[in-house]
Amino acid sequence: MLSFEAARQRVIERIEPLAERERLAVKGALGRILADDVRAPFDIPPLPNSARDGYALRGADLLGTGSVHLRVVAEVPAGQYCDAEIKTGEAARIFTGAPLPPGADTVVMQEHVQRHDDVVEVPAGVVKAYDNVRPRGEDVETGAVVLARGTFIRPQEMGLLASLGLPSVWVNRRPRVAVISTGNEVVEAGKARGPAQIFDSNRYALIGLLEMMGVEALDVGIIPDERHELRQAFLSASQQTHAILTSGGVSVGAYDLVRDILEEIGVIDFWRVKMRPGGPQAYGRIGPAYFFGLPGNPVSAMVVFLEIVRPALWRLMGRQDWQATRFHARLRESIRKRPGLMEFQRGVLTYAERGWEVTTTGPQGSGILRSMVKGNCLIFLAEEHGDYESGEEVWVEPFPL
Ligand code: AMP
Ligand code: MG
């Protein structure tokens with residue numbers, strides 16, 4: 001049996017990032033991944049400018065001990081450039097965002113001065129040389145890589161790209177991933193359900209997880225535990241997508257055919273992973289398409305997706321910072337556990353006076369999908385660890401939003 005970390009590592013390292021890219025308007029690039037380094041074509045801000053409404057002056061004029069009287073020789077609103085030099089004994093009325101006129105290197109806030117006609121009085125001690133000035137290039141310097149390829153584009157990246165004057169960018173293409181449920185007992189919501197049948201939940205949850213990542217999901221539907229039909233479905237999906245995600249049929253029962261078929265028409269790695277929920281999983285390829293065979297139980301399918309498939313898909317998409325956020329929380333209850341398997345329990349994380357605290361969602365059976373609904377995080381219980389006591393620190397990973 002493989003440890004969870006080893007299994008995850010092996011799945012991720014077999015993925016080759018997609019090379020295809022497309023050019024998109026920055027406005028449409030939210031959640032996409034940059035295909036190239038983005039360098040600054042100029043400094044931001046392009047000129048030193050005022051961080052306040054007030055008066056621009058020479059810092060050297062403030063060196064004395066008493067208050068200073070300066071003659072106001074210019075007015076510079078934002079958006080205008082004043083090329084008249086501010087000489088010693090002079091100041092310019094200036095507003096936030098306006099470039100400093102030549103000679104000035106300091107801004108005093110208007111609240112701190114007295115204005116009498118064309119003279120401004122700056123009391124001692126209200127301002128030091130260079131105060132209230134945003135230096136040229138403070139945010140970004142010309143030529144610097146401001147965003148590296150592989151960066152996931154959030155709203156702040158959209159803003160930064162636009163501030164560089166770029167209306168469009170190269171991003172990696174979105175992968176297409178087929179989603180297939182397997183099982184004779186599984187029926188589609190909205191159809192008639194026999195007494196021994198269950199409605200398909202995995203496809204819905206998996207499609208949601210894919211769409212959250214910006215992956216295009218191809219919904220193949222439900223395929224019964226029948227060799228010919230599974231084979232056809234896998235082959236057809238492999239010709240239309242970059243990856244295939246199945247659930248169910250990877251155990252060792254007589255009707256668990258996914259593994260056999262993957263072996264027959266592609267290449268397979270089949271493992272029992274030392275994790276709970278999860279257990280048996282199948283990975284491999286059919287032609288150019290990656291294959292992720294997830295367990296059938298709804299919680300297992302989601303947990304394996306979050307912990308193994310999701311990072312693998314981020315790699316396929318070329319994302320550099322794919323690690324999910326994990327941090328420590330204090331258990332508010334004891335948990336029984338036998339050493340030997342890494343466990344991912346569903347938890348409810350809350351912030352209390354002493355920091356993050358977590359409780360389990362209650363019964364942890366891998367068919368209890370409501371544990372995912374009730375929870376807001378996974379609690380990591382280490383492979384070699386036995387029972388956990390209340391008050392012990394554990395790692396938690398919030399569910400993606
Ligand atoms: P299997 O690995 O195919 O034996 O499935 C394990 C368990 O998960 C069984 O109880 C199945 O009925 C259940 N299961 C399999 N596929 C789905 C699905 N798409 N939606 C909900 N439950 C499923
Ligand atoms: Mg099955």
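In the predicted model, the lining of the second largest pocket draws at least two residues from each of strand 13, strand 15 and helix 6. The volume of this second largest pocket is about 420 Å³. Its lining comprises 25 residues, and those closest to the pocket centre are Glu185, Gly248, Gly249, Gly296 and Asn297. Sorted by class, the lining of the second largest pocket consists of 13 polar, 8 nonpolar and 4 charged residues.

The second largest pocket is also the site in which ligand 1 sits. Two elements, strand 13 (176-182) and strand 15 (198-199), give two or more residues to the shell around the ligand. This shell holds 16 residues, of which Glu185, Asp200, Ser201, Gly249 and Gly296 come nearest to ligand 1. In terms of class, 9 residues of the shell are polar, 4 are nonpolar and 3 are charged.

Contacts between ligand 1 and the protein involve both side-chain and backbone atoms. In the side chain of Glu185, an N or O atom lies 2.5 Å from an oxygen atom of ligand 1. A polar backbone atom of Gly249 is found 2.9 Å from an oxygen atom of the ligand, and for a polar backbone atom of Gly296 the corresponding distance to a ligand oxygen is 3.2 Å. Taken alone, ligand 1 would expose 490 Å², of which 76% is buried by the protein. Glu185, Gly249 and Gly296 are likewise listed among the residues closest to the centre of the second largest pocket.

The largest pocket encloses about 650 Å³ of space. A total of 23 residues line this pocket, with Arg310, Arg319, Ala324, Pro400 and Leu401 lying nearest its centre. Helix 6 (298-316) and strand 26 (393-398) are the elements that give two or more residues to the lining of the largest pocket. The greatest contribution to this lining comes from helix 6, which provides 5 residues. By class, the lining of the largest pocket divides into 13 nonpolar, 7 charged and 3 polar residues. Helix 6 thus takes part in the lining of the largest pocket and also in that of the second largest pocket.

Several features of backbone geometry were also identified. Most peptide bonds are trans, and most residues other than glycine have a negative phi. Against this background, the bond that joins Ile44 and Pro45 is a cis peptide bond, with omega of about -10°. Pro45 belongs to the loop between strand 2 (38-39) and strand 3 (49-50). A cis peptide bond also leads from Arg276 to Pro277, where omega is near -5°. Pro277 is located in the loop between strand 19 (275-276) and strand 20 (280-286). In addition, Tyr130, although not a glycine, has a positive phi of about 75°. Tyr130 is placed in the loop between strand 9 (119-122) and strand 10 (133-134).

Methods
Residues numbered from 1 in each chain as written. Chains lettered and ligands numbered in written order. Predicted model: local features only at pLDDT ≥ 70, side-chain atom pairs only at ≥ 80, totals over all residues. Heavy atoms only, no water. Near = heavy atom within 4 Å. Polar contact = N/O pair within 3.5 Å; in protein donor to acceptor, adjacent residues only side chain to side chain. Areas by Shrake-Rupley, 256 points an atom, 1.4 Å probe, with all protein chains shown as cover. 1 Å grid on protein atoms, 1.4 Å probe; cavity = no way out; pocket = protein on both sides within 12 Å on 5 of 7 lines; lining within 4 Å. Sits in = over half its atoms within 2 Å of the grid points. Helix = DSSP H or I, 4+ residues; strand = E, 2+ residues; numbered from the N terminus. Nonpolar A, V, L, I, M, F, W, Y, C, P; charged D, E, K, R; others polar. Points joined across faces, edges and corners; volume = space filled by probe spheres on them.
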